Structure formats: C-alpha cells, structure tokens
Amino acid sequence: MQQELRLNTHTHHLGRCALAIALACGIGSAHATDITGAGSSFVYPILSKWAASFATQSGHRVNYQSIGSGGGIAQIKAGTVDFGATDMPLDKADLEQHGLAQFPDVIGGIVPACNVAGVAPGQLVLSGSVLADIFLGRIGEWSDPAIAALNPGLTLPSARITVVHRSDGSGTSFNFTTYLSLVSPQWKTAVGSGSTVQWPVGIGGKGNEGVAAYVKQLPNSIGYVEYAYAVQNQLGYARMRNAAGTLVEPGRDSFQAAAASVDWAKTENFAVSLANAPGATAWPITATSWVLMRRQPQDATHAAVALDFFRHGWTAGKSAAIALDYVPLPDTLVQQIEAYWHMHIKS
Amino acid sequence: MSGDRANMRYGHRGDPVPGRRVARADGAASPPAASAVATCSHERRARADTRNDRWFRGLLQACALLVLAVLLGAALSTAWGGREVLLGQGWRFLGSAQWDPVTNNYGALAPVFGTLVTSLIALLLAVPLAFGIALFLTRTAPPWLRGPLGTAVELLASIPSIIYGMWGLFAFVPFMARVEPWLSASLGRLPLIGCWFQGPPLGLGLLTAGIVLAVMILPFISAVMREVFQAVPAQLIEAAHALGATTWEVAWQIVLPYTRAAVIGGIFLGLGRALGETMAVTFVLGNSYAISGSLLMPGTSIASSIANEFNEAVGTHRSALLALAFLLFVVTFAVLLAARLLLRRMTRREGLR
C-alpha cells in the first residue's frame, strides 16, 4: 500500500517534471524575457536561488547584481533596472517623488556572534542596551556587572571584549545599528544607524565571512552576522532579551514571530522595521529586505515577469529560502502584497 | 600530388629572396660607376632617415605623454568626483579624524595616518633585508645557490595580494597574537618608543600590516638592488679588496655609493606599492578609523577604506571616498617628490665634497 502510494507520487512527480520541461521549452523559445535587478547583498543568495528555479519553471531569466542597497536605489531611480532591492525602506515622499512602489521580499535574522572561552553557543544572554554598551565601548570586560546580571549561572572571564564590526557598507550593519538606536539613546546620539557608521570601538571585518573569521580567531570577541553565517561557521551566539522581556533563541521561529508581530496592513508601502519587534517570542534583530519597482514601468512585460518572479519565490521558492536560513514571508503578507501590486504597479 | 603542390608553393615563395639578394649585391658593387646616382640615393636615404627619426621621436613622445595624460586624467577625475567634500569640508577634510557617514562628516586623517605608518614600517623592515639579500646573491652566495634563491625572491613578487591577505589573516595574525604579549613585555618597557608596543594582543593592526607589506615589497626592492649591484665594475671591487677592504666595507663604501641613485629608485618603487596596497592590508589592518599611539592597535589605510566602503556608498559618502582617492595621488606624489629632492641634495653634497 505504502509502496503503491510512493510509486504513485513518483509518477505524479515525473508527470509534473515533464510538464514543467515542456512548458519551459515552449515558453522559453516563444518569449523568454531577461529582467535585471540590482541592490542589497543581504538577499543575493536567495534571489539567485530563486532565479535558477524560476528559469527552469518559466524560461525567463533574472539577472541580479548585488551592488549594495544604495546602488540598487540609485539604479531603480535612474530606471536602468527592472527592480531594485534595499535593506532600508524608503519613506513615502521619496517613493512618490520617483514614482516607486515598495514591498518586502524576504525576512532574515542577525545574531550577536561571540567567542568567549568556556561559554557554549546560546549560553550567553544579552539585552539590547547591554549589547549597545558593548559596541559603544562603555562595557569593556566580559566580567562587567551588567553582563553578569543577565547571566547569573555563568562564569565569565575578566578579559577585554574585542568588538568586531563590518568594515564594508552593508544592510546587515544598517539593521544592526537600527536596532541599537532603538534600544539605546546613547547609541542613537553618539553613532546612529546606517550601512556604514563611525564605530566607537573595535575592528572591522569585510563581509559576513570577514566578521565570522575574526570572531572565530580572536578570543573574547563579539560581532554580528547574518544567522546563516553563524550556523555555517559554528560560531558561538548569544540569546537576546527582546522588547517584551522574553528570552529568545535566534532561529526561524523567532524570526517568523517578529514578522507576525507587525501589522503590515497598517503600514504605508510596507515601510516598517522589524528591529525590536514587539511580539512575545520575536527575535529582536530581525531584518527585512524590500523590493523597489516603478509604478509606471517602462516595459510592462518586464514588470509582469518581475512580479511573477517574486510570486514564484514566495510559493515554490519557500523551501529554498528555508534552506538558506531566511524566513519566507507569511501567507497573509503575501496576499497584502498582491493587493498592493494591483493598486500600485501597472503591468 | 599534394607534395608536388607544396614544392611548387615553396618554389614560388623561395624565388624572390635570392632575386633580391642578387639585386642588392649589384647595388653594392655599382657605386663607383655612377656616383651622381649614389649621392642622390644617399640624400634620399638621409632625408628618409630624418623623417623616420622624427616619426619615431614623436611616437616615443606620444607614449610618454599618454602616461602623463592618463595620470592627470585620473587625478583630475577623482578630484572632480570628490569636489563636494574637498570644497565643502576644505581643510577640515585633511585635519579631522572623524569619519562619520551618518552625519556626512568626513576627515581623512586616520586613513592617511594608517597609510603612512604601515608603509614606513614596511620600508624600515624591507630595505635592510633587501640589501642583505641582494648583497648575498651578488657577492657572497655560492653560484649554485644564486639561481634558485633569486627565483624564490622574485616569486614573492608574483603572488597576488589577496593571497598575502589570506595568509596574513589565517596564518600570520594568529602568530602575531602570540608574539604581541611578548613584544609588550619587552619593547613595551622601553622609554620613548615603549608606548608603540602596548595594547591588546589582537594579532592584527598597524604592525602586522606593516610586516605583511614588507614581505610584499621585499622582492621589488631586492630585485632592483641585485640588478644594479651586478653592474658595479669588477675593477672597483677588486681594487678595494686589494687595498684590504672587508666585504662589508666594499658593500658600504664602494657598491652602495656607486649604485645609490638606482637603489633609492628601487626603494621608492617598493614604497609606491606599499602606499597603494589594498587587499592584503584590508585583511590584517583591522579597518578602524582610529589614530592610536600603539602599533598593535587597528587602523585603516586610504586604499582599504575605499575598497571597503565604495560598494555601498552613495552621494556625499561616495564623494568623500573619491576625495580620499585624490588624496592618495597627492600623498604618493609628495612622497616621490621628497625622494627626488633628497636624492638631488645628496648628489649635490657629494659634488661639493
């Protein structure tokens, strides 16, 4: 019985594959469209995965260049690409001035990665204000009473903390500093938020991999990386006390909880940061990336293909997103985005 | 069949050459017979020569001018790209150590400081070492060792800088992290320069970057030194030896003064590379906009700042990075100019003596 069932799904699979190939060939030869996008490096891994599966399914090719959020914004404003991707949402005035529409594409999490002797991954607990004080240099040693108060059972060395940050401009830094600005007034006035900021202390690593390498090598260090890099490099990470006061573990569940705790319907152009999200189990340093498209596209077919591409990512591409440690958008949000497209993008 | 055809083709192609040879032989034999014709042809030849010479001179001039034009164009275009910050912040750009993209407040002091300090460390370490290598290879090394060793040193030059960066990060930085506590305990106690060697033993920082740079520029300097040391006339050296000079005295009093201009040229070739080096420095310098008194602390350099931040920079931030690029032109030019002046003064003093 079970075997029969398996066989059945197998043939079903085959049939679907054949159909897909037939469709791909048919559409591919008839009218394959090449669309281009540019911007955020945060979403590059997942967009390229989606582009590959989208190409086999529809025959259309998506060419995405990860030139950074700033570059993506500039390119879509200039109209040289079909879509831009940015880690920082544009405000309403900016969007309207350039005739742009904006919607989220994927959600991810950033984790404090640390390397402290005798502390296992996930053992260390930090709060937003303590994290900000560490990155401000106001807390200089691991044995500081502020850290000890959060970790009653843990013996921390009385060693200097080495702070590691990104040396290149990045959406990860933008999201991290946005969070620190929200939880620490001192951080907000002294440093602020941006893809590159004036770091008061510490050393800079190039890219997520650079920060991961430094944290791994330097004893008593702390940095921040995208969740996937912490997992892949088996870095020590900290749990965080979130806005609701709950102790949360980084991972898909807590990232998803952050996405669910925001009332997307009440936002304008989905411009809301998931940093310090209010949900009871929400991971506090959750990040979204946004797509920018023209409201009046120069080429309607290109725009339609681009929208199809994102629809593909949110449905068929879900498992790919999960495999890369991103969080797919919740279904309710996808419906809201579709309604938003209908209202704002002519295609 | 095909062989026949090949022969035929060979014959055709071969034919004109002997023919021409014959014609030329005729021409060489004929001058006494018709001198008027010869003068005419000589004149024609001379005219053609001057014309060709003129063309060639022009071509050479164009080559040199092209370099100048490219250099000027690159310098001016970076200045133009950075005009917003260069004009907007004025001297504050040179004098301030702030680098704050959030408030768009830019100062180049930290990157300039890092660039100069790391290059200086690199020179201090590389020049004596290169001098030793070159002397050994030209004077004291057994002949069977000269080839392999020379090649090994030159091989260092062909390694891409990203490899030096990765080697620096994964192999040399952990090594330095073990050495630095010892440096702090010994050199850190010295008066005056003690403060240079104090700080947390991160393994990366100005000193590490300087040492990696020294390894990178070593082959350039030693290759130039080796070449020019070989060009020192043997009579000079033998004469010195005959007067009872030791190898060191020959090196210091004969070889070095004889080759001084070229040696200084080689050193500045290495310095030029050290000033502009990007990738290797980015990996081991720490990328922190700070000016600290200790060589063990992280810093940043002009080139690595640009490489790090250019990708995501827009507006004023991009302008600031281009202004930084222009500054690198200026710094490099100033350093080379200083070298030239130094060389000229040394030559003049030599002349007076």
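**A strand in chain A and a helix pair in chain B**

Begin in E12(A), where A:Val291 is the bridge partner of A:Phe103. The model on screen is a predicted one.

Now select residues 286-294 of chain A, which form strand E12, together with residues 100-115 of chain A, which form strand E4. E4(A) and E12(A) pair in the antiparallel sense, with nine bridges between them.

Keep E4(A) selected and add residues 221-226 of chain A, strand E8. Here too the pairing with E4(A) is antiparallel, over six bridges. To find one of these positions, pick A:Ile110; its bridge partner in E8(A) is A:Glu226.

Next add residues 236-237 of chain A, strand E9, which runs antiparallel to E4(A) and is joined to it by two bridges. A:Tyr237 in E9(A) stands opposite A:Ala113.

Before leaving chain A, show the surroundings of E4(A). Of its 16 residues, 15 are buried, so the strand is largely enclosed by the rest of the structure.

Move to chain B and select helix H7 (residues 143-158) and helix H9 (residues 206-230). Their axes come within 7 Å and cross at roughly 135°, which makes H7(B) oblique to H9(B). The crossing of H7(B) and H9(B) is left-handed.

Finally, show side chains where the two helices meet. On H7(B), pick B:Arg146, B:Gly150, B:Val153, B:Glu154, B:Leu156 and B:Ala157; on H9(B), pick B:Val215, B:Pro219, B:Phe220, B:Ser222 and B:Arg226. Coloured by type, the residues of this contact between H7(B) and H9(B) divide into six nonpolar, two polar and three charged.

Definitions and conventions
Residues are numbered from 1 along each chain as its sequence is written. Chains are lettered from A and ligands numbered from 1 in the order in which they are written. This is a predicted model: local features need pLDDT of at least 70, side-chain atom pairs count only at pLDDT 80 or more; totals for chains, interfaces and linings use all residues. Side-chain values use heavy atoms; hydrogens and water are left out. Axes are lines fitted to C-alpha atoms, for helices over the stretch in contact, and angles run from 0 to 180 degrees between N-to-C directions. Helices (H or I, at least four residues) and strands (E, at least two) are DSSP runs, numbered from the N terminus. Angles under 35 degrees count as roughly parallel, over 145 as roughly antiparallel, 65 to 115 as roughly perpendicular and the rest as oblique. A crossing is left-handed if the near helix is turned anticlockwise from the far one by less than a right angle, and right-handed if clockwise. Contact means heavy atoms within 4.5 Å. Ala, Val, Leu, Ile, Met, Phe, Trp, Tyr, Cys and Pro count as nonpolar, Asp, Glu, Lys and Arg as charged, and the others, Gly among them, as polar. Buried means under 20% relative accessible area, exposed over 50%, partly exposed in between (1.4 Å probe, protein chains only). Two strands pair if DSSP finds at least two bridges between them.
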